[in-house]
Amino acid sequence: MTAVHVPGAPLISEGLLVSTSPATGAEAGRFPLADEADVRAAVDRARAAGDWWAGLGSAGRRDRLQRWRGVLARRIEELADLMHTEGGKPVGDAVVEILTALEHIDWAARNARRVLGPRRVRSRLILAEFTGHLEYQPYGVVGVIGPWNYPVFTPIGSVAYALAAGNAVVFKPSEYTPAVGQWLVDRFAEVVPEQPVFQAVHGFGAVGAALCRSGVGKVAFTGSTATAKRVMAACAETLTPVLLEAGGKDAMIVDADADLDAAAEACVWGGLTNAGQTCIGIERVYAVDQVFDAFVDKVVAKAGRLTVGADGSDLGPITMPSQIDVIRRHIDDALDRGGRAVLGGPEAVQPPYVHPTVLVDVPEDSAAVQEETFGPTLVVNRVRDVDEAVERANALPYGLGGSVFGRARAVAVARRLRSGMASVNSALTFAGMSTLPFGGTGESGFGRIHGEEGLREFGRPKSVTRRRARSLLPAMTFERTPADVARLVKIAKLMYGRGR
């Protein structure tokens, strides 16, 4: 019996990876399926290309990256249409995603020299005869393993910063969005035709594993926590450093003095944009008792107006067909445990679509609270105060982002969230700010993309000392005398012997 192909699911045909639309089943593209030898060959090519790329210097790389940015900007409609076809993302959302990625390319290109370039570091008295120098040198080749939910913004958060730091990049796009990944690579080749500085290798998990074991200098991964652990284990075999942006179960806290209209608007956007397929999406909401009922009413009213469909709608299809079963299970479990659906519910699951669903009174030990749903569902629970809200928000092992709405205590509450990022009186805004680092803690991973920390992730710090005078206090030499040691002891007591 021939297996029935589910629209959107990757398909292998005659050795090619075939990508199709989850909404219509239309073909988005066909790409060579890489094996381990192909991956190693790509890394070997990238190693030589990386030497050439690093040799361009920061100014040369900045020029090429800005030209790439220009190509993407001029062809933004073409890329947005491809994202819509391949992943089902609404065109408007695709445009916003591309725009944010363009900002990151621009910032990385403009700031790489300032952040990573050589600079002098002050020495201290004990080694006053030496000067210190610090610079960040490229790893050579960086492997980037990207996700399907934000196939432009997320990988570019690693790719652009790695390139700006002087590395070549071998990119393994998600098997669900290879066409978008290859499109980005092809547009880069238009402005950098001399060397394969940015390449793509296509396939399933085995290709990602091969990239981890291929001898790259570093791997940057975005995806689920379970896959992040496998990536880390594969990289551990060769002590290849990794940057991991894994899953999340982000919470929003709504305090008693919050602007409820603004909070509801941000909640619906933060939880339901991209059909809820957002690692930093709002999946849990804790509203204090005084405003809970009014807040839920506003969320239901706003979410209930959203349209769902293939074209021209607010929410598109679920990109990965198997995720529909997860979403269905979470809704059913929440209701079985005593939760209530004030919008949507089991009938909201209509493959390949899921309509907005808002659940209340959901037990904290339910799957809908404990596990990443990755669908257009919101769990809104009542708490007595923000202290209980923070306690519940921090109870899970995830720690990616979060949001707090309020006035008097909002910033203080945001600082208490065990997360890598937080938005006050907004949602998801930290992702678009190119000057801020992006990443999580706990089972949401470690390392940072974006901002100065994101640039430093893709350079190895190199420290150099240089003697500038003879040593007045010989210490690191066999030529030191007992008198020298006595002077060192005296200085240690004078400099460090006090209690404060």
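## A tour of the chain, starting at D333

D333 sits in helix α11, which covers residues 323-336. This is a predicted model, so what follows is a reading of computed coordinates. Setting aside the neighbours within four places in sequence, D333 is in contact with S366 and A367. A longer view takes us to L455: D333 and L455 are 122 residues apart along the chain, and their C-alpha atoms are separated by 42 Å.

To place these residues, it helps to look at how the chain is divided. Domain 1 takes in 11-246 together with 451-459, domain 2 runs over 250-432, and domain 3 covers 470-497. Taken over C-alpha atoms, the centres of domain 1 and domain 2 are 30 Å apart. There is also a record to set beside this division: an unreviewed UniProt entry lists residues 19-464 as "domain: Aldehyde dehydrogenase". Across residues 19-464 the chain is 43% helix and 20% strand, with 49 Å between the end C-alpha atoms.

How do domain 1 and domain 2 meet, and how many residues of each are in contact? On one side 19 residues of domain 1 take part, and on the other 24 residues of domain 2. Together the two domains bury about 1800 Å², and carbon and sulfur atoms account for 59% of that area. Eight residue pairs are in polar contact across the interface of domain 1 and domain 2 (both residues at pLDDT 80 or more), while the rule finds zero salt bridges there.

On the side of domain 1 that touches domain 2, α3 (76-87) and α4 (91-116) each supply at least two residues. The most comes from α4, with four residues. By type, the residues on this side of domain 1 divide into eight nonpolar, seven polar and four charged.

Salt bridges do turn up elsewhere, with 33 found in a search of the whole structure. One pair worth a visit is R382 and D293, whose side chains meet in a salt bridge at 3.2 Å, N to O. This pair links distant parts of the chain, 89 residues apart: R382 belongs to strand β17 (residues 377-383) and D293 to helix α10 (residues 289-304).

Now for two details of the backbone. Most residues other than glycine have a negative phi, and most peptide bonds are trans. N274, which is not a glycine, has a positive phi of about 55°. N274 lies in the loop between α9 (260-272) and β12 (282-288). The peptide bond from P351 to P352 is cis, with omega near 10°, and P352 is found in the loop between β14 (349-350) and β15 (353-354).

Here are the elements that hold the residues visited along the way:

| Residue | Element and its residues |
|---|---|
| D333 | helix α11, residues 323-336 |
| R382 | strand β17, residues 377-383 |
| D293 | helix α10, residues 289-304 |

Key:
Residues are numbered from 1 along each chain as its sequence is written. This is a predicted model: local features need pLDDT of at least 70, side-chain atom pairs count only at pLDDT 80 or more; totals for chains, interfaces and linings use all residues. Side-chain values use heavy atoms; hydrogens and water are left out. UniProt positions are given in the numbering used here, feature names are shortened, and annotations may be inferred rather than shown by experiment. Domain bounds come from an automatic or database domain assignment. Contact means heavy atoms within 4.5 Å. Buried area is the accessible area (1.4 Å probe) that two parts lose on being put together, summed over both. A salt bridge is a side-chain nitrogen of Lys or Arg within 4 Å of a carboxyl oxygen of Asp or Glu. A polar contact is a pair of N or O atoms within 3.5 Å; within protein, one must be able to donate a hydrogen and the other to accept it, and residues adjacent in sequence count only if both atoms are side-chain atoms. Ala, Val, Leu, Ile, Met, Phe, Trp, Tyr, Cys and Pro count as nonpolar, Asp, Glu, Lys and Arg as charged, and the others, Gly among them, as polar.
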